[in-house]
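Trainee: I should like to learn how charged and polar side-chain pairs are read from a model. Where should one begin?

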Amino acid sequence: MQNQISTSVLFTAFLGLTEKQIDLNNPFGNLLQKMGKQDLDSNMQIILYMLSQQQYFEVIIDKDQNNIVVSQKTYWSDINHYYNLLKEKAIPGLSCGYSDGFYVRAPQFGKILCEMVSLPGKPRCIMTSIE
């Protein structure tokens, strides 16, 4: 699976999609299982999709922005390696004032913020967000 999908697509695959679009057309086909969803503050929702116990995604949908995924958290083995691969594609000279993350170019969105996130009780993940 890891060799069949580019690093950029892996960490940004669901940005800009709706839940229905993910369920019907995703880059992982029927291997991707929806495990549940939960409402969040600010009219947002989080949905968990799993490929395996070590490979899964949390997508955050903004109901105020046409129910699209505005942020994707990717939990993957060897996460540091993939973060460094993404960082090689960083937009030179562009930094984020509130994060130590970096931006990559995205044809559909202009730029995407990429960050390494570590939350209590969870493994580290790469979070990508539409700015």
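Mentor: Let us begin with burial: a residue counts as buried under 20% relative accessible area, as exposed over 50%, and as partly exposed in between. This is a predicted model. Glu19, at 16% relative accessibility, is therefore buried.

Trainee: With which residue does the side chain of Glu19 meet in a salt bridge?

Mentor: Side chains of opposite charge can pair when their charged atoms come close. Here the partner of Glu19 is Lys37, with 2.9 Å from N to O. Glu19 belongs to helix α2 (residues 19-24) and Lys37 to strand β1 (residues 33-40), so the salt bridge ties together parts that are 18 residues apart in sequence. Lys37 has a relative accessible area of 47% and is partly exposed.

Trainee: How many salt bridges does the count come to?

Mentor: The count comes to 5 salt bridges. One of them joins Glu58 and Lys122, whose closest N and O atoms are 2.3 Å apart. This pair links distant parts of the chain, with Glu58 in strand β3 and Lys122 in the loop between β7 (110-117) and β8 (125-130), 64 residues apart.

Trainee: Is Glu58 buried or exposed, and what is the relative accessibility of Lys122?

Mentor: Glu58 is buried, at 8% relative accessibility, whereas Lys122 is partly exposed at 33%. Salt bridges can also share partners, and in this way Glu19, Asp23, Lys34 and Lys37 are joined into one network.

Trainee: Which residue meets Asp39 in a salt bridge?

Mentor: The side chain of Asp39 meets that of Lys63, at 3.3 Å from N to O. Asp39 lies in strand β1 and Lys63 in the loop between β3 (56-62) and β4 (68-75); the pair links distant parts of the chain, 24 residues apart. Asp39 is exposed, with a relative accessible area of 51%, while Lys63 is partly exposed, at 32%.

Trainee: How does one read a polar contact between uncharged side chains? Which side chain is joined to that of Ser129?

Mentor: One looks for a pair of N or O atoms within 3.5 Å, where one must be able to donate a hydrogen and the other to accept it. In this model, the side chains of Ser129 and Ser71 are joined by a polar contact of 3.1 Å. Ser129 is part of strand β8 and is buried, its relative accessible area being 10%.

Trainee: What else is Ser129 in contact with, leaving aside its neighbours within four places in sequence?

Mentor: Besides Ser71, Ser129 is in contact with Leu15, Val70, Ile112 and Leu113.

Note on methods
Residues are numbered from 1 along each chain as its sequence is written. This is a predicted model: local features need pLDDT of at least 70, side-chain atom pairs count only at pLDDT 80 or more; totals for chains, interfaces and linings use all residues. Side-chain values use heavy atoms; hydrogens and water are left out. A salt bridge is a side-chain nitrogen of Lys or Arg within 4 Å of a carboxyl oxygen of Asp or Glu. Helices (H or I, at least four residues) and strands (E, at least two) are DSSP runs, numbered from the N terminus. Buried means under 20% relative accessible area, exposed over 50%, partly exposed in between (1.4 Å probe, protein chains only). Contact means heavy atoms within 4.5 Å.
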